[in-house]
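Q: I am new to this structure and would like a close look at a single part. Please walk me through one helix and its surroundings.

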Amino acid sequence: MTGLQAEGVRQAAYKQKVYGRQYVWFLIGWYEDDWYTFIDKAHNCTVAEMKEAVEGHLTTEALMLNQGAEPTISGMVTLPITLFKTFIIYQINLYL
C-alpha cells in the first residue's frame, strides 16, 4: 500500500467515525512529521479532520537486527532471537 492509498484509508475511517478514544490505529511505515497534513482532494477531508482522526495513533518502523554473533560497531552483540522475544513478552506483561 502506498502512502497515498493509506491516506485514503485514514480519511475514509474519519468519515465513518472509526477513531477516538475507543480506537487505536497502528500505522506501519516511515512517515514525515506532518504526514497527515497532505490532503488528497478525492477524499474531501480537512487537515483538522485528519488531525482529529489520527490523535493517539501508534506508528511503527522496521527494526533491523544484526543476525550474526559478531560485535557491532558499538561493541555490542545481538541477543539471540528467542531471548529477544522473551524480553519483549516480559516488557509487555509489565504493562498489562
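A: What follows starts with the whole chain and then turns to helix α2.

The model is predicted. Its chain holds 3 helices and 2 strands. Along the sequence, these elements run in the order α-β-α-β-α. The chain has 96 residues, and 19% of them are buried. Contacts often span the sequence. Of those between residues at least 6 apart, 58% join residues at least 24 apart.

Now to the helix itself. Helix α2 covers residues 47-54. Which of its residues are buried? They are Glu-49, Met-50, Ala-53 and Val-54. These four lie on the same side of α2, because they cover an arc of only 120° around the axis. The general geometry of a helix is worth recalling here. An α-helix makes a turn every 3.6 residues, so residues three or four places apart point the same way.

Take Glu-49 from that buried group. What does its side chain reach? The side chain of Glu-49 comes to 2.8 Å from the backbone nitrogen of Thr-46. Glu-49 also has partners farther along the chain. Setting aside neighbours within four places in sequence, Glu-49 contacts Tyr-14, Lys-15 and Asn-44. Helix α1 spans residues 3-15.

Another residue of the chain to compare in space is Glu-52. How far apart are Glu-52 and Gly-20? In sequence, 32 residues separate them. In space, their C-alpha atoms are 7.9 Å apart. Gly-20 sits in the loop between α1 and β1. Is Gly-20 buried, exposed or partly exposed? Gly-20 counts as partly exposed, because its relative accessibility is 31%, and the partly exposed range lies between 20% and 50%.

What comes after the helix? Gly-56 follows α2. The phi of Gly-56 is positive, near 85°.

The last stop is the surface. The accessible surface of the chain comes to about 7900 Å². Carbon and sulfur atoms account for 62% of that area. One nonpolar patch on the surface is formed by Val-24, Phe-26, Ile-28 and Leu-58. Together these residues have about 420 Å² of accessible area. Phe-26 belongs to strand β1, which covers residues 26-28. Phe-26 counts as exposed because its relative accessibility is 53%, and the cut-off for exposed is over 50%.

To return to the helix: α2 has its buried residues on the same side, and one of them, Glu-49, is in contact with Tyr-14, Lys-15 and Asn-44.

Note on methods:
Residues numbered from 1 in each chain as written. Predicted model: local features only at pLDDT ≥ 70, side-chain atom pairs only at ≥ 80, totals over all residues. Heavy atoms only, no water. Buried < 20%, exposed > 50% of the residue type's maximum accessible area, 1.4 Å probe, protein only. Contact = heavy atoms within 4.5 Å. Areas by Shrake-Rupley, 256 points an atom, 1.4 Å probe, with all protein chains shown as cover. Patch = residues over 30% accessible without salt bridge, like charges linked within 9 Å, V, L, I, M, F, W, Y side chains within 5 Å. Salt bridge = Lys/Arg side-chain N within 4 Å of Asp/Glu carboxyl O. Polar contact = N/O pair within 3.5 Å; in protein donor to acceptor, adjacent residues only side chain to side chain. Arc of directions from axis to C-beta.
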